[in-house]
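Me: Could you take a close look at one residue in this structure for me, and then work outwards from there? I'd like the local picture tied to the rest of the fold.

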Amino acid sequence: MAKVVRSLPRTHTLVEDFGAPVVTVKATATGDWSRLVALLTATTPTGRTIVVSAGGVPTLPGTRRYAIRLISQVTAIPTGSRVAVTFGSSTSGTAGRPLYLELPAAGSPRLTIRGASLRLPVLAKPVSS
């Protein structure tokens, strides 16, 4: 699976995600690339990877802006964690829990990612400790 990873700075406090994150990205799909999947993870200072959320949208040929609404949930992200968004066609092979399986593709599918942003809804005061 080809993938692109975009990382954010480390968290300075405990962050508690509450709701549905949205990833917005400008992407160019060619060669029968059928969907764009975003996997949101946090890697703790001890190296443990937490799957925060994931979501996917069908793609169309050409350059378009996609808003990918991820699964709504509550996730505690420890202080000092590195949050990242991984883009691809599936979540296979990541964190042991495939949410979107790899699809067979004809031809030479290709996806170019530009200008990604993340809207992460968080609690003003985390309730997890």
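What follows is my request about a single position and one long reply to it.

Me: Where does A29 sit, and which residues is A29 in contact with, leaving aside its neighbours within four places in sequence?

Reply: Keep in mind that this is a predicted model. A29 belongs to strand β3, which covers residues 22-30. With a relative accessibility of 2%, A29 falls under the 20% limit, so A29 counts as buried.

Now the company around A29. Leaving aside neighbours within four places in sequence, A29 is in contact with T59, L60, P61, G62, R110 and L111. Take T59 from that list: T59 is 30 residues away from A29 along the chain, yet the two C-alpha atoms are separated by 6.9 Å. G62 has a role in the pairing as well, as A29 stands opposite G62 in β6. That pair belongs to a longer run, with 8 bridges joining β3 to β6 in antiparallel fashion.

L111 is worth a look from its own side. Again skipping neighbours within four places, the contacts of L111 are A27, T28, A29, W33 and L36. L111 also turns up in the largest nonpolar core, which has 22 residues. Within that core, V25, L36, A38, I68, F87, L111 and I113 touch the most other members. The elements giving two or more residues to the core are β3, β4, β5, β6, β8 and β9. As a background point, nonpolar side chains tend to be buried together in soluble globular proteins.

Next, the sheet that holds A29's strand. Three strands make an open, antiparallel sheet in the order β6-β3-β9. β6 (62-69) and β9 (110-119) are the edge strands, each with a single partner, so one side of each is left without a neighbour in the sheet. On average, neighbouring strands here are turned by 20° against each other, direction ignored.

There's a second open sheet, with 4 antiparallel strands in the order β1-β8-β4-β5. Here the edges are β1 (4-10) and β5 (49-58); each has a single partner strand, so each has one side without a neighbour in the sheet. The twist from one strand to the next averages 15°. Inside this sheet, 7 bridges join β4 (residues 35-43) to β8 (residues 82-88), and the two run antiparallel. One bridge to pick out is A42 in partnership with V83 of β8.

That leaves another pairing to mention. β2 (residues 15-19) and β7 run antiparallel, joined by 5 bridges. F18 has V74 of β7 as its bridge partner. Along β7 (residues 73-77) the side chains alternate: Q73, T75 and I77 point to one face and are buried, whereas V74 and A76 point to the other and are not.

Zooming out to the whole protein, there are 0 helices and 9 strands. Buried residues account for 40% of the 129 in the protein. Among contacts with a separation of 6 or more, 79% are between residues 24 or more positions apart. The accessible surface comes to about 7100 Å², and carbon and sulfur atoms hold 57% of that.

So, back to your residue: A29 is a buried position in β3, facing G62 across the pairing with β6 and in contact with R110 and L111, among others.

How values were computed. Residues numbered from 1 in each chain as written. Predicted model: local features only at pLDDT ≥ 70, side-chain atom pairs only at ≥ 80, totals over all residues. Heavy atoms only, no water. Buried < 20%, exposed > 50% of the residue type's maximum accessible area, 1.4 Å probe, protein only. Contact = heavy atoms within 4.5 Å. Pairing = 2+ DSSP bridges. Axes fitted to C-alpha atoms, helices over the stretch in contact; angles between N-to-C directions. Areas by Shrake-Rupley, 256 points an atom, 1.4 Å probe, with all protein chains shown as cover. Core = buried A, V, L, I, M, F, W, Y, C linked by side-chain atoms within 4.5 Å.
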